[in-house]
Each structure stands twice: as C-alpha cells, then as structure tokens.
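Please explain how the chains of this assembly meet one another, taking each interface in turn and going from its extent to the contacts that make it up.

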Amino acid sequence: MSGPPSSETPPLRVVLAKLGFDGHDRGLRVVARLLRDAGCEVIYLGLRQSVDNVVAVVEQEDADAVGLSMHNAGHLTLAPKMVQALRDAGLDTPVVVGGIIPDVDVEPLRQAGVAAILGPGASAEEVVHAVRSAVDSTP
Amino acid sequence: MTQRGLDLDDIVERALGGQRRAVGRLLSVAERGGAEADRLTAALHGRSARAHIVGITGPPGSGKSTLVGRLTAAAAASGANPAVLAVDPSSPLTGGAILGDRIRIDRTGGDVFVRSIATRGHAGGLAVAVPGAIRVLDATGFDPIIIETVGVGQVEVDIAAMADTTVVVANPGTGDAVQANKAGLLEIADIFVVNKADLPEAEALRLDLERMLDLSHVTGHEAYRGRRAPIVLTESLSGTGIDELWTEIIDHRSLLDASNARQLRQLLRLRAEVEALVAGRIHRLTRAVFDSSAGERALADLASGRIDPVAAAEIILDEGTASLGS
Amino acid sequence: MVLEVIHVTDSHDDDPRARWEQEAATATERDADFVTMSDVPVEVVYGDAPYPGQYPYTRGIYPTMYRSRLWTMRMFAGFGTAEDTNARFTELLRHGGTGLSTAFDMPTLMGRDSDHEWSEGEVGRAGVAIDTLADMRDLFAGIDLGGVSTSMTINGPANIIMGMYIACAEENGVLRQRLGGTIQNDVLKEYQAQKEYIFPPRPSMRLVTDLLRFTTAEMPRWHPISISGYHIREAGSTAAQELAFTLANGFAYVEAAMAVGLPVDDFAPRLSFFFNSHSDFFEEIGKFRAARRIWARWMKERYGATDERSMKCRFHTQTAGVSLTAQQPEINIARVALQALAGVLGGTQSLHTDAYDEALALPTEEAARIALRTQQIVAHETGVASVADPLGGSPYVEWMTDEMERRAEAIFDHLLELGDGSILEGTYAAIDNGYHVSSIADSAYRFQQAVNSGRRVVVGVNRFTDGDTRDDANLLRIDPAVEDYQRKRLAQVKQQRNDEMVRRALDDLVAAAAEPTTNTVPATINAAKAMATEGEIVAALEGVFGTYVEPAVF
C-alpha cells in the first residue's frame, strides 16, 4: 500500500536576510517571530549576507519566499540585484522587501520585480498576508 | 518554483545529475512525507552510496554550528563532499520555527550544502523525515552527511544516536558534563568534544568526562560502543583541534568498517525508519476509523458505558485491519 | 543663616546642606535672570539631601547644574568626502565652536574600504569616508588638533581611526598628549544591539583595554570609551534594560581595565555614557537618575574608587530615533521636544535632538535647524534650567528612580550569576548565549504587538491617522559622485605608497596582536603612517583574532 497524501499543507519556508553592511536587525527579528507565530518556517540568515549566498540558500532550503529588510539607501540597488540573481539562477522565488522605503521608491522596486513592499511597523497580518500572496501568485 | 511543474522523476534525474536546486526540492518531498515521499523512497532506495553519517549534538550555545562549519571545511579540504542537516525544534504552539544554525555553518564551512529541518509537530515525523533526507543526500553523492541537533529532548538525542558516528559537544564552565550525563548523551557518544578549549575550565571538564568514561567501562557501555570514546579539545572560533576531530571521525569510520558495525548501524537506522513508517500508517489508519461511522459508534458505546476503553481499542483496530483488506 | 545656629561645628562633613552651599558658592551663575515669567525669583535647589553634586549623585553630578552652565547642544552630522566635512568643521570653528563631532560612513564603521563590494551606495552616505591617513589629513586640514575637542563615533575599528588621528596630529607637530576628545569605542553593545562588530568579543575587549592603557599613559585629555545605551534602546529594549545593559557594560570595561593592571581612579574619570531619551516621560527621568546613583555606588563600593570623578556618571543624551514616525512626520517635532525635556529634567550633560524627517532619510537642513531650536526653547523659554533637579522629591519620580534601580539590579544579579561573580565574564557568557539579543528582541516584539493590537497608541500610526501629508520627494540623497571620488582617491593613495613599508607595518601589527600583553596601539599608529588602509589593517587583525558571526537566538 502506498501512504495516503499528507493531510496538512507543509509550512511556508521563508528566507530572511539583510544584505550588505547595514546592521539594523530589529525589524528583521520582529518579522521572523511574526512569521514563526503564523506557522512559517523561517530560515534566518540575519546580517551581512551577499546576494549570491541568499541564492544558494534558497536552492538548498527549497524556500518559498525571500524577505529582505532594508534600512538605508541600498534598497534601490540591492533589492533589484537580489531579484535578478534569483532569476539568473532559474528561480522565480518571490522577494518581499520591508523596512524604511520612501513612497517614491515603491514603484521602481515593483518594476524591478519585487513582489511586495512593507513599510515600518507593518502589522503581523500585513506581513503574513504579503508573504502568502506573493507565494500564491507565483506560478 | 520553476520545478513545481516538473514531475518527480525529472527532479530525481536532475538531482542525481548534481543540481543543488533539485536536491533541495527532493529534500522537501522527503520531509513532507505522504505518497510522493513514498515514491521518492522507491526511486532512491538501492542507489545509496552508503555515506558516513555523523551526528553532532550538544547543548545550545556550545558552538556546535561553528564547529560543524569548520568540520565541513576540513572534510572538503580532504576531498570529501559533505552535507549538513541542521535540525531545530518547531514551536509546539504554532508549528512555525526559526532556523538559524546555518548562519554560522555557512560562515566557516564555505560552499557546503546545508539544509535546515524543523522538527514539525507531527508524531514520529522526524523519524521518517531525517532518514528520508539522508537517503536523498546519500544518493546524490554527499559524504559525509552531518546531522546537527540540539542535545536536549529525546527526539533530538535519538536522531543523533542514529548516526554511524555520534559526536557530543560540551562546553567548559557550564556544568555540561553533568547535563550531558542527565540527558543521556554519554551513552550515545562515540567521540567527545570539549569546545572553547581556550577557556580555563576546559581541563576540569575533560577530567569530568574522563571520570564518567571510567564508569562507562564498568557499566559495560564501552564494550557496547566498541571502544572508549576519545575526547578532543577544540576551539571552533580559531579552528584549533578541528583536523584532529576530523581524523577521529575517519578513524571511527574505519573501526566500524573493520568490525562490520557500520552495516549493523545502518540496519538499526532502517529498522527505526520502518518502525516509524508503520507507526505513521497505523496512526493515519486509526484516525480514519475514528472519523468513520464505526468509530463514532464505538465512541458512543464507550460514552454510554456499554463497552470499556480496551474493547473500544479492539474495535478500532479490527475496523482498521479490515479496511486494509478491502 | 539659620544653619549656623543649628550647627556647632565648623566642619561641614556631616551637614549636607552646608556642604552643598559651600560647593554651590564656587560655581558661577550663568548670565540669565532666574525668575519665572511672572518675575517670581527661584532658588538653585529645593528639597532634601543628598543635594545635586553629592554622592550618589541621583540629583545631578554638579551642585548647581544648568544654573551655572547649560548642557551642550551637540548636533552630530557629517557626510560626503573628508573635504566636505572639513569645510563644515572650518565653518563651525569660525563661529566659535570648539567641539567637532565626526560621523563615519557605514564601510568605515565596519572596518572596510570604499572599494569593498558592499560599499556601493554607502560611501560618504551616513558620515565621512575614511580609508587611509590621507583622508584623515583632508578631514582635519587647517585645524589645530591641539586646540579642539573631537568626538568620533566609531567602535569596532576605533583603534585604527585613533591611530590615524594620532598620526595626523603628530605630522603637524601636535603631540598626542595635547589631543582632547572622545571616541565611542563601546564594542560590547555592538554584539548586544548595534551589530557593527568585527572581531569576536574577547579580542575586541583586548583592543579596548589596549587603548585604555595607551590613553591613560599618554593621552590624559582623551576619553577612550563612551558607554552607549542609545543603540540598545533603539534595538527595542525597555528603559530598564537600556539602563542595566549599559551600566553592566561599563562595569565590564572597568573590570577588564583593572584586570590588565590599571588602577580604577586612573581611568574611570575619563569614562562617559550615552543614553536614549524615549517617549515615556517619567520612566526616562527615573532611568537617568537611577543611572547616576547605581554608577556611583558600584564604583565606590564594588570597585573601590576614591576619586569622586570616578563615581560621577556623565552622559550624553539623544532623542529616540526609533520613535520617529514616517506617517505625519511633522508631529515628530512634538515627540522630540518632550523627549528632550525628559533628558534635561534627567540632568544630561549634553543633548542631541533628532530632526523630524529622519525616519525616512538623512535630515534636511531645515529639519536639523528645528531640532536645535527645540533645545533652545527648552533651555531659554521653559525655565526648567533655572533649578537643579526640579523634580527631586516628587513621590512618583523618586519611586520611578528606585524602581528603575531595582530592575537594573535584577539584571546585574543575572550577569553576576552567569559570570560566577564577574560582570565581565557574565557579559561574555550572555553575549555567547544571546541573552542581550533575545531579551531586547522580546521587548521589541511585545512593543510591536501592543502597537498592532492598538493597546499602545502611536499617534499617526494606529490612531489619529488623518492628515498624513508626507511628501518624501524632496528627501536628501547623497550624490553618487562622492563614491567615485573616494574610490579614485583610495586607488591613488595605494599607488603612491611604499607597499613594502605597508607590508612590514602590518606584519609588526600582527606580531603585536598575537602577543596578548603587547599593546597594539603603537603598531596601529605605525600602520596608519605607512598608509595601510583601514580594510587592510582590519584584515590583518582578523587573521589573528577571527571574525565574529552572531548566533541566531530568538
């Protein structure tokens, strides 16, 4: 007999990281806990990650989404780089960006393929919803 | 993901061809369990290259992850192709988990393949998921496969004990020797590591462990494991002692090979996996019976006092067995 | 005076009021009228002993506080190239300023050069970029370093920047003995909160004690550590955690310095602190008052200090950047004003007020001006500076002070237990097992949940949200040309220097670092003089010390 299909859908696996030098990890840590408490498995990479390492981790961990936290001007260069590096590796993993993102930068980030952008102080529901819908809308 | 559309055979083929993304995908299949995992087991069983399985366990904060990173670097330097399974507990309340071991493994281990595994709440889940993950990594050419677990909680200790070589890590000045003893870690250790050996209390810890090992000689434990466990002093931050640890692991592997013990340990692992698979099936089967009309009837009879719990259990089991035949 | 009748002895030793009056008499009053708006004259101090300036200094470290001298209104700034910042320094000095506050860009703070791959987009952005001694020369060109006081906010690579600063001064004939200023150099809080660490904790502490030994012997006017709770609070701690972790870090430095043989009164007077002033008004005031009392008691009773200056907790305060909201940014002006007021009522020695638009980017010039004006309103319009410790004796304020102290002591007990009687060892152990990081994260998470549920009101965010007029199109952004310029400058320096000299200087530094009792500061100064880059010096030291990677503790 073959086993019946597993009854529950497996938890979402989300890689959380900060790219580059920026050491402000308060938001990233809060989001890690919010996602854990919403039943997600968070692969927490924390500070000082390179784009290439995040791609390698997404492959090895078979992650459903990447969450980046940005607290300085880097978001306009680093977030698009992250999206591009994933696509170059043949991955369509959605990238969600949180942190201090001025309104004027939201549209350019969307154009660059960022799936969702969360402002500072986003609620638990907003964070979880953003990640889930980014994953769901990925073919 | 791109590979969501692919069928399992394609992914297996890519994984066997060395594509890491496909290996990652197969690990998810193995971890999830169910019919697809069963098919995966069928596809990979017999493809085993028989990698050496190394369990590394110890209390939180003992520097395990950095040590594992260093160890994989040493293994890679000697021409091996190591992979790591880093096991961390899920929250019992929400089922979620924060898996952070790989940060330190990555930083010291370089380009090693690391997979983080949450214990996930379901009964016996790890007992199936970990052997499944080992099978995937083994078939796709990784050797050794290092399993890192926190040395608290029976599940984690059991996982570490499943390895061919089990390494128990302890820290000076923390009462780890006593804790390790209480947690049952002494019985499963093939090698002890005193990490952070630059701390002044390292020698005292080594002596504590030696004394406990003297006792294990008396209790017969030593004879069971095949030898007295060596104690290796390391500093995972600087890398001191890592080469020696790697050599001890290789030596232990040779020792196991020489005495046929490696096959024996593999057989024990397979047996544990089969046990867990059987238990899982019985669990699902009986749950289905509980939800059926026969199950509801039995519970109603139990509630009204017409039958006792033992009789109810017999009814559930009989119903389940009957449904297997149908 | 009535006092003379009561007292039969000439000695003021056991009469705190008489002692205070004697001390207060030596302090000159600043040039202002100490009357209310309605012309009611007010005394220097009210209430009971111990008075301001008296052990344990709960009421302030000076007998007359702001009646004699207002706090220093320190506005921290800096971006672009060293030359840009030099122009502003020169301007500041021309207007009679004597203190230069230097902020460094992120690559410099992390000990990496402007041509590091991660430096892209960061060079000169949040502060000045320093790669080599050449940049330091540009930064202070035309400035007499013997005549100014320089404050440098840098931690992990503090000794390297210090080495460049000393080298720069000595090239211009200014002896290191004449250099005055402060370097933050508080590495412990990097592992706990700010996360700008480079080496693991113990080697980092070695570098701190090297600088402590060096400045104690050769630089009497230099303040080698500013122990900072600011970043601990910004990372999400409670007020009590900020208080306890910061003071415990202070005790850890004291223990480390004593362990390398420095007598406590030789270095402790040159330690200073840096706290956050957040939105809960009385809690903040209680925190500041408790800080002084705890520091005084521990220094005297536990560490055996006899010099009063060793017991006085001098501190700088900055308003809580993390409290600034991106929504309705102009209401931040009110938040900053109230936080500034708490800092002043808490008896701070200097104050930085945040600009209202800092939640989104670097402050605009207008916002920075409003921030300074806010301090001036507190100083000159509210009258709070006329009386020393005007809240002293208030039952609520005194209770809050005691409560903050109790909560801090509970944390000290935990650290002492972890360290087997040593705060220093307890702090290492706590960093190792993620105690600080996880307790701060717990507090941050609880706060965030309270905001999300609406139980904690943040005006403009979860209540009273109408009227968000945010327009961030005019945010200040740094010209990318700065980065190009800086990289070219670095390449040019590398081309012109003598590589063999660099190699030898770095070899010497590595040899010094490998020998635990050798002071690394002289070799660091030599490496700076040889034009080794900051990144090269850090890489050489990482070879000996290793690189820190924090554990993922939640």
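## Interfaces in the model

Between chain A and chain B there are 5 salt bridges, a count that, like every value here, belongs to a predicted model. One of the residue pairs joined in this way is A:E61 with B:R115, whose side chains meet in a salt bridge at 3.9 Å from N to O; since the rule accepts a side-chain nitrogen of Lys or Arg within 4 Å of a carboxyl oxygen of Asp or Glu, this pair falls within the cut-off. Polar contact between chain A and chain B extends to 17 residue pairs, counted where both residues have pLDDT 80 or more.

On the side of chain A that touches chain B, at least two residues each are supplied by helix 1 (26-37), strand 2 (41-49) and helix 2 (51-61) of chain A. Strand 2 of chain A provides the largest share of that side, with 9 residues, and by class the side as a whole is made up of 17 nonpolar, 11 polar and 11 charged residues.

Strand 2 of chain A also takes part in strand pairing across the interface, for it is joined by 3 bridges to strand 3 of chain B (residues 97-99), and the two strands run parallel. Within this arrangement, A:I43 stands opposite B:L99, which lies in strand 3 of chain B.

As for the extent of this interface, the contact draws on 39 residues from chain A and 37 residues from chain B. The size of an interface is often given as the accessible area lost when the parts come together. For chain A and chain B the buried area is about 3,000 Å², and carbon and sulfur atoms give 48% of that area.

The other interface to follow is that of chain B with chain C, where the contact takes 8 residues from chain B and 9 residues from chain C. The area buried between chain B and chain C is about 760 Å², with carbon and sulfur atoms giving 67% of it.

Across the interface of chain B and chain C the rule finds 1 salt bridge, and a salt bridge is formed there by the side chains of B:K196 and C:D432, at 2.5 Å from N to O. The number of residue pairs in polar contact between chain B and chain C is 2, again with both residues at pLDDT 80 or more. Helix 5 of chain B (residues 102-109) contributes 3 residues, the largest share of the side of chain B that touches chain C, and that side divides by class into 4 nonpolar, 1 polar and 3 charged residues.

How values were computed. Residues numbered from 1 in each chain as written. Chains lettered and ligands numbered in written order. Predicted model: local features only at pLDDT ≥ 70, side-chain atom pairs only at ≥ 80, totals over all residues. Heavy atoms only, no water. Contact = heavy atoms within 4.5 Å. Buried area = accessible area lost by both parts, 1.4 Å probe. Polar contact = N/O pair within 3.5 Å; in protein donor to acceptor, adjacent residues only side chain to side chain. Helix = DSSP H or I, 4+ residues; strand = E, 2+ residues; numbered from the N terminus. Nonpolar A, V, L, I, M, F, W, Y, C, P; charged D, E, K, R; others polar. Pairing = 2+ DSSP bridges.
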